[in-house]
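Where does this protein leave open space at its surface, and which residues surround that space? The report below takes up the pockets in turn.

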Amino acid sequence: MASPIVLGIESSCDETGAGLVQDGRLLGHAVASSMDEHARYGGVVPEIASRAHVHALRPVVRQALDEAGLTLSDVGAVAVTTGPGLSGALQVGLAGAKGIAYALGVPLYGVHHLAGHVAADTLEHGPLPDPCMVLIVSGGHTSLLLVRDLARDPILHLGDTLDDAAGECFDKVARVFGLPYPGGPAVDRAARAGNPHAVAFPRPLTGPRDDRYAFSFSGLKTAAARWAEGHAGRELPVADGAASLQEAVADVLTSKAVAACREHDVNTLVVVGGVAANSRVRSLAEERCRAAGVELRVPPLRLCTDNGAMIAAVGDLLVRAGTEPAPLDVSIDPSAPLEHATLHPVAIEAVAV
């Protein structure tokens, strides 16, 4: 007997996403981005993002349903991002998801945004091996995780970023280099014409005394900015700088991930998140995994950035695992750590004394 169709809703930052998944199969999804509205500010403006979600949520859900050839009454469960992310943006998605779930009389599941990125790969490559190593790289997060059963087991953090995430480093250095926002894709494009060995940028936290699986990209960001400042009055070789920066980031990410696979005797590495779309991160990961005898899994580009399909994928896993739905008063947690795929925080009201 088929599992219910799960509608997933994502609104943690500047993309409004809706997706429909059943038994691990993606039926349809749609994404609306407010990125162009943020570009002139050089980064995401929370109030603009929240307003954009309000306008986009209903059309995005409708578009996903139309792509799948379904109606809202076909939905048997709703999953929604409840954290981490921008508070106002998360509230919009949760309010919409609650309305749909309650109107249809179907269960609602709160999902951790980063677990969604992990589950995105299952829509392309099938169930995750147990165990597998997961490298999450995005604008706000860089983490190395040991994952077993995503729907049932706690997630073990081997290392996280101590300061700037990889995507944040790309965004900030891109601005210094005079490249447009978002910085990640702009750096990737510029790097195609550059020499990745032109600038000897540092590889942070790769020394023998360092925390071997932690990440830090603040120093690399500063080194790139100082290099650019050193060209004052002269033309900045942006392509070489972009290629060298990209090489440094990819080198750190992939070397730590493959080392973790070896130490923990894990045969599969899954690379997810927005920075997983970076061409050099993907190619160097392929090269190093091949040499180490590790299977590499990376979602297709359309599922690397934030989307509702990945949230629906987690919801589908939770439904099939028999997970308890969210309580009626489920709230959001904008800074929730990744411990489990489910995230069912309840707001605690202040009590007058």
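A pocket, as the term is used here, is an open set of grid points where a 1.4 Å probe fits, with protein on both sides within 12 Å along at least five of seven lines, and its lining residues are those with an atom within 4 Å of a point. The model examined is a predicted one.

The largest pocket holds about 1,100 Å³ of space, and 41 residues line it, with Ser138, Gly139, Gly140, Asp171 and Tyr181 lying nearest its centre. Four helices, α1 (35-39), α4 (113-120), α6 (166-176) and α7 (183-191), each contribute at least two residues to this lining, and the largest share, 6 residues, is supplied by α6.

The second largest pocket contains about 290 Å³ of space. Its lining is made up of 18 residues, of which Thr122, Pro127, Leu128, Leu317 and Arg320 are the closest to its centre. Two or more residues of this lining come from each of α5 (122-125) and α11 (308-320), while α11 gives the largest share, 4 residues.

The table sets out the two linings by residue class.

| Pocket | Nonpolar | Polar | Charged |
|---|---|---|---|
| Largest pocket | 16 residues | 16 residues | 9 residues |
| Second largest pocket | 9 residues | 3 residues | 6 residues |

In the lining of the largest pocket, nonpolar and polar residues thus number 16 each, beside 9 charged residues, whereas the lining of the second largest pocket has 9 nonpolar residues, with 3 polar and 6 charged.

Methods: Residues are numbered from 1 along each chain as its sequence is written. This is a predicted model: local features need pLDDT of at least 70, side-chain atom pairs count only at pLDDT 80 or more; totals for chains, interfaces and linings use all residues. Side-chain values use heavy atoms; hydrogens and water are left out. On a 1 Å grid over the protein atoms alone, a cavity is a set of points where a 1.4 Å probe fits but cannot get out, and a pocket is an open set with protein on both sides within 12 Å along at least five of seven lines; lining residues have an atom within 4 Å of a point. Grid points are joined across faces, edges and corners, and a volume is the space filled by probe spheres set on the points. Ala, Val, Leu, Ile, Met, Phe, Trp, Tyr, Cys and Pro count as nonpolar, Asp, Glu, Lys and Arg as charged, and the others, Gly among them, as polar.
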